[in-house]
Amino acid sequence: MFHVSKFQESFKDNRVICRLCPHNCKISPDKSGICKVRINNKGELYSKIYGTISSAAVDPIEKKPLYHFFPGTSIYSIGNYGCNLKCVFCQNWEISQPFESIEPDPFDSIESFDPFGSIESIESDILNNETQTPKDIIKKAIESGSNSIAFTYNEPTVWYEFVYDTAVLSKKHGIKTVMVTNGYINEEPLEKLIEYIDAFALDIKGFTNEFYKKYTGGELSPVLKSAESIYKSGAHIEIIMLIIPGLNDDPATLNSFFKWISKNLSNETPIHLNAFHPDYKMQNITPTSYDSLKEIAKSAKKSGLKHVYIGNVRNVEPEFKNTYCPKCNNLLIKRNGYDININATKDFKDLKDFRDTKDLKDTKNESEENMICPSCGYKLKTIIF
Ligand code: SF4
């Protein structure tokens, strides 16, 4: 469904600038921006995909991945089409890059991108899909027994208007919202969205600008800025990095990345180090081995990060899949696949009894949503019931 785009500026000659993401595409009439899903129609920018659902599923929240946000619950997850990055290693390319057949080579796409409309406008069967409303999504989430909704599978930023409207309505119904995102979004749209999104699983794809430019068509600094803004806002954030052998796994660079997280977010911000599998346009790189992920995870912990997880591989050892108290190392959340066992104070009565027993009066006025270690009373910053 067509819907007027937010964050647009018009020129007298009917060209428009989209200010939604850092590409700031300048788009001629009847042309689309880099994401291909925003089109200039007679001098006004429209989203072509408002309410178009590519996939919907009830997933374990750990699959997003979010390990410290309502662990052990299910989340109603929806996706749309398109992306504002062009990652050659995309693992969801069927829906994030559905317009691939007319896409220039991603290695050239940004450098040769004509800001005044080099990309043809496209039509597709996708646009004829039946659309849904935010109200439909809330209803389906409630019927599925989920207390949260995830915007995932493709980049939520590119269908911003629908994500925003659904998130606003979710708040009114007491439903939590999650964005699984590449963080490639301008400051103003992000600020407006943060008011209604409770948690972000944010993908940082590499820790150099060269990597971003060459393999994603974007830049690193706006992503880091988004991560900082989300963290400062108080919304929950977990960081994901897909480790691609030989491309973004340089030990010194990763060490800088881990230090950056500690300094600019928190050393208790969870980080997920995921294995790469050959996909999309990157078929010539071998999958990431468990041993190399383990080495990287160890160095992340050595740098001071407290919650380091390995994903996308089987037989992960307990220390890289369970959650431990950062203070006393007590096991707090045991994960066996999507089977989750929580060993911590999880209801308010228990919490009150525990605090009274331990005389933790200083914590009584703090948020009752955070997890308390039953062994030492440490309050984890990022874990929420
Ligand atoms: S959201 Fe799409 S059209 Fe808008 S600036 Fe980003 S890539 Fe360009």
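Trainee: Why does Asp-30 count as partly exposed?
Mentor: Asp-30 has 13 C-beta neighbours inside 10 Å. Buried needs 20 or more, and exposed needs 12 or fewer. The count of 13 meets neither cut-off, so Asp-30 is partly exposed. Keep in mind that this is a predicted model.

Trainee: Where does Asp-30 lie, and what is its phi?
Mentor: Asp-30 lies in the loop between E4 and E5. Its phi is positive, about 65 degrees, although Asp-30 is not a glycine.

Trainee: Tyr-153 also has a positive phi without being a glycine. Why is Tyr-153 put in its burial class?
Mentor: Tyr-153 has 22 C-beta neighbours inside 10 Å. The cut-off for buried is 20 or more, so Tyr-153 counts as buried. Its phi is about 70 degrees. Tyr-153 sits in the loop between strand E9 (148–151) and helix H4 (160–172).

Trainee: Why is Asn-341 called partly exposed?
Mentor: Asn-341 has 13 other C-beta atoms within 10 Å. That falls between the cut-offs of 12 and 20, so the label is partly exposed. Asn-341 belongs to strand E17 (residues 339–342). Its C-alpha is separated by 8.9 Å from that of Pro-71, 270 residues apart along the chain.

Trainee: What makes the span of H9 close to the expected one?
Mentor: Helix H9 (residues 290–302) has 13 residues. The expected span is 1.5 Å times one less than the number of residues. For H9 that gives 18 Å, and the helix reaches 18 Å from its first C-alpha to its last.

Trainee: Which residues of H9 are buried, and why are they said to be on the same side?
Mentor: Leu-293, Ile-296, Ala-297 and Ala-300 are buried. They cover an arc of only 100 degrees around the axis, which puts them on the same side of H9. An α-helix has 3.6 residues a turn, so residues three or four places apart point the same way.

Trainee: What lies on the other side of H9, and what covers the buried residues?
Mentor: On the other side, Asp-291 and Lys-302 are exposed. The cover over the buried residues includes strand E12 (236–243), helix H8 (251–264), strand E13 (271–275) and strand E14 (308–311). Just after H9 comes Gly-304, with a positive phi of about 115 degrees.

Trainee: How do you know how the span of H7 stands against the expected value?
Mentor: Helix H7 (residues 220–233) has 14 residues. At 1.5 Å a residue, 20 Å is expected, and H7 reaches 20 Å, so the two are close. Its buried residues are Leu-220, Pro-222, Val-223, Ser-226, Ala-227, Ile-230 and Tyr-231. Covering them are, among others, helix H5 (187–194), strand E11 (199–203), helix H6 (209–215) and E12. Gly-234 follows H7 with a positive phi near 95 degrees.

Trainee: What makes E2 and E4 edge strands?
Mentor: Each pairs on one side only. The open sheet has three strands in the order E2-E3-E4, with antiparallel pairing. Strand E2 (8–10) and strand E4 (26–27) are its edges.

Trainee: How do you know that E3 and E4 pair?
Mentor: Two bridges join strand E3 (residues 16–18) to E4. Pairing needs at least two bridges, so the two strands meet the cut-off. Ile-17 has Lys-26 in E4 as its bridge partner.

Trainee: How many bridges pair E5 with E6, and which residues stand opposite each other?
Mentor: Four bridges pair E5 with strand E6 (residues 44–47), in the antiparallel sense. Asn-41 has Glu-44 as its bridge partner. Asn-40 stands opposite Leu-45. The hairpin of E5 and E6 has two residues between the strands, and there Lys-42 takes a positive phi near 55 degrees. The open sheet here runs in the order E1-E6-E5. Its edges are strand E1 (3–4) and strand E5 (38–41).

Trainee: Why is the bond from Lys-64 to Pro-65 called cis?
Mentor: Its omega is near 0 degrees. Pro-65 is in the loop between strand E7 (55–60) and strand E8 (74–79).

Trainee: Which residues are around the ligand, and what is their make-up by class?
Mentor: Among them are Cys-18, Cys-21, Cys-25, Cys-35, His-23 and Arg-38. By class, the shell has seven nonpolar, four polar and one charged residues. Cys counts as nonpolar and Arg as charged.

Definitions and conventions. Residues numbered from 1 in each chain as written. Predicted model: local features only at pLDDT ≥ 70, side-chain atom pairs only at ≥ 80, totals over all residues. Near = placed C-beta within 6 Å. Arc of directions from axis to C-beta. Contact = placed C-beta atoms within 7 Å.
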